[in-house]
Amino acid sequence: MKESSSQVAIPLPWQQGIWQRLMELQEQGRFPHALLLSGPAGVGAVQLAEALVARLLCQMPGEFACGHCHGCAMLASGYHPDLMRVRPLEKSRQIRIDVIREVNDFVNQTAQQGGYRIITLEPAEAMNQAAANALLKSLEEPGGRTLFLLMADIPSQVLPTIRSRCQQWTLPLPEPEACLGWLEKQLGDKEEAEFWLQVAGGEPLLAQALASPQARGLRQDMRELFDALVRGGEPVAEAARLSGQSVDSILWYGIAWLEDLIRLGLSGDTRRLRNPDLLPLYRQAVKNARVRDWFRLLDYAREQRRLLAQGANPNPPLVLEAWLIRWSALLRS
Ligand SMILES: [Zn+2]
């Protein structure tokens with residue numbers, strides 16, 4: 001087997017098992033014509049999908065795409081005539097029916113390179129009802145050697161008519177042993193890898209992102225803010241130190257820390273904390289409020305984050321302020 005070039009998409013190390021199962025299906029001629037891939041964002045469903053696209057469009061594939069043939073070269077150039085990628089238009093956050101009509105036209109043509117035709121659709125839950133209805137027939141009878149590759153963050157939000165026509169594959173959280181070696185290579189340090197994997201709740205790509213200098217800066221700012229609030233700081237004034245930061249990221253940390261606080265409050269067990277370095281702050285915080293109140297604040301943070309993601313809240317800084325006011329009220333009570 002020729003060595004793959006470094007630009008070729010290959011599965012991540014912890015995806016070996018699922019990759020082998022997919023390849024077996026393909027060798028046995030039992031490969032599905034519609035796959036719905038999902039899993040936590042930081043475990044790499046997108047990377048697996050890209051590896052699969054590359055492997056199926058490669059004209060001389062080995063275990064992975066070869067990286068040298070005409071098919072691989074076209075894919076690397078950013079245009080392959082037998083690949084169609086569907087994403088929401090930027091602002092609408094929706095995949096609309098006119099785009100799905102183009103998909104249907106694409107499916108009705110023959111593959112130009114004589115191999116697979118692939119349609120990637122991401123995220124699948126962005127299809128509105130009309131778009132989903134328009135896709136059903138193609139999804140049911142796409143013709144030979146066609147693959148619909150759907151990706152979903154929340155598969156339960158994909159319309160059931162679509163889901164039932166796809167084979168669903170959910171990527172699990174990898175075992176730490178399966179991804180720590182990779183993460184250590186990215187971060188250059190074993191202890192760092194262990195720490196950030198824990199902070200990221202076991203999602204290796206998220207751990208890598210959180211360990212980047214900019215993300216570390218945000219975590220440090222949040223930690224200082226938490227410390228100030230525990231000492232009785234004024235929340236609106238303290239919010240200023242986070243100005244310009246993504247409110248979604250701030251709430252993500254807030255949620256993770258509240259989950260830690262609840263774990264600590266319920267069991268007193270410090271071993272399962274995702275942020276063990278925050279234990280002194282947690283200890284101060286659990287003195288003042290009851291677990292029931294932390295649960296309420298957690299629900300509030302999750303709801304606000306969901307609304308922000310839907311674009312339903314026009315003023316993220318106000319969301320941040322309101323959340324900090326509630327948080328500091330609990331720390332003082
Ligand atoms: Zn190739």
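Let me start at Pro160, which sits in helix α6, residues 160–163. Before going on: this is a predicted model. Pro160 counts as exposed, because its relative accessibility is 53% and the threshold is over 50%. Gly254 is 94 residues away from Pro160 along the chain, and the C-alpha atoms of the two are separated by 33 Å.

Now the overall division. The protein chain splits into domain 1, covering 13–170, and domain 2, covering 212–332. Between the C-alpha centres of domain 1 and domain 2 there are 38 Å.

On annotation, the UniProt record, an unreviewed entry, marks residues 255–328 as "domain: DNA polymerase III delta subunit C-terminal". In the model, that span is 74% helix and 0% strand, and its end C-alpha atoms lie 15 Å apart.

Next, the metal site. Which residues coordinate the zinc ion? They are Cys58, Cys66, Cys69 and Cys72, each through SG, at 2.2 to 2.4 Å. Along the sequence, the spacing of these donor residues reads C-x7-C-x2-C-x2-C. Why is the arrangement called tetrahedral? The angles subtended by the four donor atoms around the zinc ion run from 105 to 117°, so they fall inside the window of 85 to 135 degrees that the label requires. For reference, the ideal angle for four tetrahedral donors is 109.5 degrees.

Two of the ligands deserve a word on accessibility. Cys69 has a relative accessible area of 6%, and Cys72 has a relative accessibility of 9%. Both count as buried, because the cut-off is under 20%.

That leaves the packing. The largest nonpolar core holds 81 residues, and the ones with the most contacts inside it are Leu52, Trp294, Trp323 and Trp327. Helix α12, residues 247–267, gives this core its largest share, twelve residues. The core also draws on both domains, with at least three residues from each of domain 1 (13–170) and domain 2 (212–332).

To take one of those residues, what is Leu52 in contact with, leaving aside its neighbours within four places in sequence? The list is Trp19, Leu22, Met23, Phe31, Leu35, Leu147 and Leu149. Apart from the largest core there is another, of 25 residues, including Met84, Val86, Ala132 and Leu136.

To recap, the predicted model has a tetrahedral zinc site with four cysteine SG donors, and an 81-residue nonpolar core that takes residues from domain 1 and domain 2. That is what I have; questions are welcome.

Notes
Residues numbered from 1 in each chain as written. Predicted model: local features only at pLDDT ≥ 70, side-chain atom pairs only at ≥ 80, totals over all residues. Heavy atoms only, no water. Donors = N, O, S within 2.8 Å, 3.2 Å for Na, K, Ca; no water. Tetrahedral: all angles 85-135°; square planar, octahedral: opposite > 155°, others 65-115°. Buried < 20%, exposed > 50% of the residue type's maximum accessible area, 1.4 Å probe, protein only. UniProt positions renumbered as here; feature names shortened; annotations may be inferred. Helix = DSSP H or I, 4+ residues; strand = E, 2+ residues; numbered from the N terminus. Core = buried A, V, L, I, M, F, W, Y, C linked by side-chain atoms within 4.5 Å. Domains from an automatic or database assignment. Contact = heavy atoms within 4.5 Å.
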